[in-house]
Each structure stands twice: as structure tokens, then as C-alpha cells.
Amino acid sequence: MVDESSNAPPDPIAAIGAPQEQNLAEILSEVEAVGSPGLQVPLLAAGGLVKHFGGLVAIDHASIEVAKGSITGLIGPNGAGKTTLFNLLSNFIRPDKGRVLFDGEPIHQLQPYQIAQQGMIRTFQVARVLSRLSVLENMLLASQHQTGENFWNTWFKQKQIAAEERQQREHAMTILDSIGLVHMAHEYAGALSGGQRKLLEMGRALMSHPQLILLDEPAAGVNPTLINQICDRILTWNREGLTFLIIEHNMDVIMSLCDRVWVLAEGRNLAVGTPTEIQTNAQVLEAYLGQ
Ligand SMILES: Nc1ncnc2c1ncn2[C@@H]1O[C@H](COP(=O)(O)OP(=O)(O)OP(=O)(O)O)[C@@H](O)[C@H]1O
Ligand SMILES: [Mg+2]
């Protein structure tokens, strides 16, 4: 990413100042080199993303990479385009330009549910739970590739369906236990607090054994005790092999969780680096103070 002909220091924060096309070229060349010894291909890589809403440029040639096994942060002032970037990464909305590669494969032709089946699940800034279903039912809805989804199987494979359902229930109860919601399993999801809904969304994401979870502000509106619980869970799941991309305004959460942080401002990449580097980056501080 560093321009050899300039005097720019070879650090990633300076490098993000390079033209966006160069970032994309580098991301894509890394991805094309899948299998090269010693080269860590990002689990998620996006480059040159552009999204207009009418006259507003919400995303302006933005790039991002998420290394496999990492907890990567995405921060930026209100309205910077973070949620829109999540929507583009998960194909909830289509980019005007740019590419997204998940596990080395372009995913622009896939529907969001197909992307979820490939192992990338996202949660929403305002947790989306089905209030009139129980907490357990909310979890079970996330199960994928069930034999009982096929009409004929409901007639001819009843034993297999019953066994799968038992297995899914056990899996759901284990996850609910790990997020401290097992005692609420048979309550309406509508009875949960905002923080508990966020935990339920995360738990539901785990039901389909994803590789990567995109969390949009997991700590927003959540009390400090529950924030600690959420952070502990994320760290545990990460140690077990899950990769995370997390949007968050709470810098304590970013500092305690993230290996690497991308900063977005006015739809553009502003900086990338470790949480400590980002905290002391003058451009980042200016973007936040200028809000
Ligand atoms: N569907 C939409 N139609 C029109 N404008 C939109 C739409 N979605 C987002 N925007 C605009 O795009 C810009 C980026 O919004 P976005 O929600 O991505 O920001 P954000 O970084 O997630 O902000 P916050 O930290 O407040 O959640 C904002 O100006 C927003 O008003
Ligand atoms: Mg947002």
C-alpha cells in the first residue's frame, strides 16, 4: 500500500491515504494469491465501494479487510456510513460500484440469505427479534438446511426431522446458557431488555455455525454489566475460532476487543491501525471533535 517513491512512513495509517484504487488493487491481488505460502488472505475484503442515496454519497470508494480469526473494529462519527457499509458487505443493499470478497469469492451475485449460508451473518443496529415468539423459537428460526424445510420430507423423513429438531433445541439451549438467557427461553422475546435482545441476536447468529459475524453497535443502549458480558462472550467465541467485524461508538469496547480498527468519515476511509494507534491519530480525533 505504501508509495515507494514518497517519504511516507511504512505504517498502515499513512498507507490508507494512498489512492483507493490502489487499496482495491492490493486487496484483490492478495485474494488472487490464495494459497501462496505465508500470505494471509482476508476472510472478508471489500474495495472501491460506492453508494449514493439520491444526491448523497453515503459510501465513497471505501475499502475494508477483515483477517480470519480477528476481531476487527469499524468506527466513525454519526452518519459516517458504517451501517451502510455493513448493508453493502452483506448485500442488503447493492453497491453502485466496488466488490466484496468473502473467503476469497465474490459475493455480489448472492442474496443476503445465501451469504448467511456461506457463513457471514450480520446483526442490526436496532436488534430485530420476533417479539411474539419465545426466545427459544427466535433461536430455532435461525437454523439452516433443515430436513423438515422440504414438504415431502415432512411425510417421509419424520424420524430424521424429530432428531434434528431435538439437536437444534439442545444447541439453542447451550447457546442461551452461554449468553445468560436460558432462564428466559420460554418467555416472549418482547419481554427482553434492549441489551438482552442484542445478546439474543448474537446467539441467533451462532445457530448457523458462521465463520464471520458483523455486529452493528452491540453495546449501544446496553447497561455496563451486560456490556462486560457481551465483550466476554465475543472474546470467548473469537478464541473458539469465530471472526468478528464490529461497529461501535464505545471506545472501551473497541480498545478491549479489537486487533485492528478501520475508521470511516463521510463515507471514506480515514485511517486503519491498532486501537492504540487510532486513539492517538490526529485526523481521527479531528473527525470526532468536528461532529
Ligand atoms: N436508506 C437510506 N436512504 C437515504 N439515506 C440514507 C439511507 N441509509 C443511510 N442514509 C444516509 O447515509 C449516511 C450514512 O448513514 P449510516 O446509517 O450508514 O451512518 P452510520 O455511520 O451507521 O451512523 P450512526 O453511527 O449514527 O449509526 C447518513 O447521512 C444517512 O442519513
Ligand atoms: Mg449506524
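**Figure 1. Elements of the predicted model that line ligand 1.** In this predicted model, β2 (56-66) and α3 (82-89) each contribute at least two residues to the shell around ligand 1. The largest share comes from α3, which gives 3 residues to that shell. The residues around the ligand are Phe 53, Leu 56, Ala 58, Gly 76, Asn 78, Gly 79, Ala 80, Gly 81, Lys 82, Thr 83, Thr 84 and Gln 125. Sorted by character, the shell around ligand 1 holds 4 nonpolar, 7 polar and 1 charged residues.

**Figure 2. Helix α3 and its surroundings.** Of the 8 residues of α3, 7 are buried, and the helix is thus described as mostly covered. The buried residues are Lys 82, Thr 84, Leu 85, Phe 86, Asn 87, Leu 88 and Leu 89, and among them Lys 82 and Thr 84 also belong to the residues around ligand 1. After the helix comes Asn 91, which has a positive phi near 65 degrees. For comparison with the chain as a whole, buried residues account for 37% of its 291 residues.

**Figure 3. The open sheet of 6 strands, with α3 packed on it.** The strands of this open sheet follow the order β6-β7-β8-β3-β9-β10, and their pairing is mixed. Its edges are formed by β6 (120-122) and β10 (268-273), each of which pairs on one side only. From one strand to the next, the twist averages 15 degrees. Helix α3 packs on this sheet, where it touches β3 (71-75), β6, β7 (212-216), β8 (243-247) and β9, and the direction of α3 makes about 150 degrees with that of β7.

**Figure 4. Strand β9 between its two partners, β3 and β10.** On one side, β9 is joined to β3 by 4 bridges, and these two strands run parallel; Thr 72 stands opposite Arg 260 of β9 in this pairing. Strand β9 (residues 260-265) is also joined to β10 by 5 bridges, here in the antiparallel sense, with Leu 264 standing opposite Asn 269 in β10. The hairpin of β9 and β10 has 2 residues between the strands, and within this hairpin Glu 266 takes a positive phi near 50 degrees. Because 5 of the 6 residues of β9 are buried, the strand is largely enclosed by the rest of the structure.

**Figure 5. The largest nonpolar core and the contacts of Ile 246.** The largest nonpolar core comprises 69 residues, and those with the most contacts inside it are Leu 44, Leu 74, Leu 85, Ile 246, Val 263 and Leu 264. In soluble globular proteins, nonpolar side chains tend to be buried together. When residues up to four places away in sequence are left out, Ile 246 touches Ile 71, Gly 73, Leu 74, Leu 215, Pro 218, Leu 257 and Cys 258. Across the chain, which has 12 helices and 10 strands, 66% of the contacts between residues at least 6 apart in sequence join residues at least 24 apart.

**Figure 6. The open sheet of 4 strands.** Here the strands follow the order β2-β1-β4-β5, and the pairing is antiparallel. The edge strands are β2 and β5 (105-106), each pairing on one side only. Within the sheet, strand β1 (residues 44-53) pairs with strand β4 (residues 97-102) in the antiparallel sense over 5 bridges, and Arg 99 in β4 is the bridge partner of Gly 47. The edge strand β2 is also one of the elements that supply at least two residues of the shell around ligand 1.

**Figure 7. Two loop residues with a positive phi.** Most residues other than glycine have a negative phi. Asp 103, which is not a glycine, nevertheless has a positive phi near 55 degrees, and this residue is found in the loop between β4 and β5. Asp 103 counts as partly exposed because it has 18 C-beta neighbours inside 10 Å. His 209, likewise not a glycine, has a positive phi of about 50 degrees and lies in the loop between α8 (194-206) and β7. With 11 C-beta neighbours inside 10 Å, His 209 counts as exposed.

How values were computed. Residues are numbered from 1 along each chain as its sequence is written. Chains are lettered from A and ligands numbered from 1 in the order in which they are written. This is a predicted model: local features need pLDDT of at least 70, side-chain atom pairs count only at pLDDT 80 or more; totals for chains, interfaces and linings use all residues. A residue is near a molecule or strand if its C-beta atom, placed from the backbone, lies within 6 Å of it. Ala, Val, Leu, Ile, Met, Phe, Trp, Tyr, Cys and Pro count as nonpolar, Asp, Glu, Lys and Arg as charged, and the others, Gly among them, as polar. A residue is buried if 20 or more other C-beta atoms lie within 10 Å of its own, exposed if 12 or fewer, and partly exposed in between; C-beta atoms are placed from the backbone. Two residues are in contact if their C-beta atoms, placed from the backbone, lie within 7 Å. Two strands pair if DSSP finds at least two bridges between them. Axes are lines fitted to C-alpha atoms, for helices over the stretch in contact, and angles run from 0 to 180 degrees between N-to-C directions. A nonpolar core is a set of buried Ala, Val, Leu, Ile, Met, Phe, Trp, Tyr and Cys residues joined through C-beta atoms within 7 Å.
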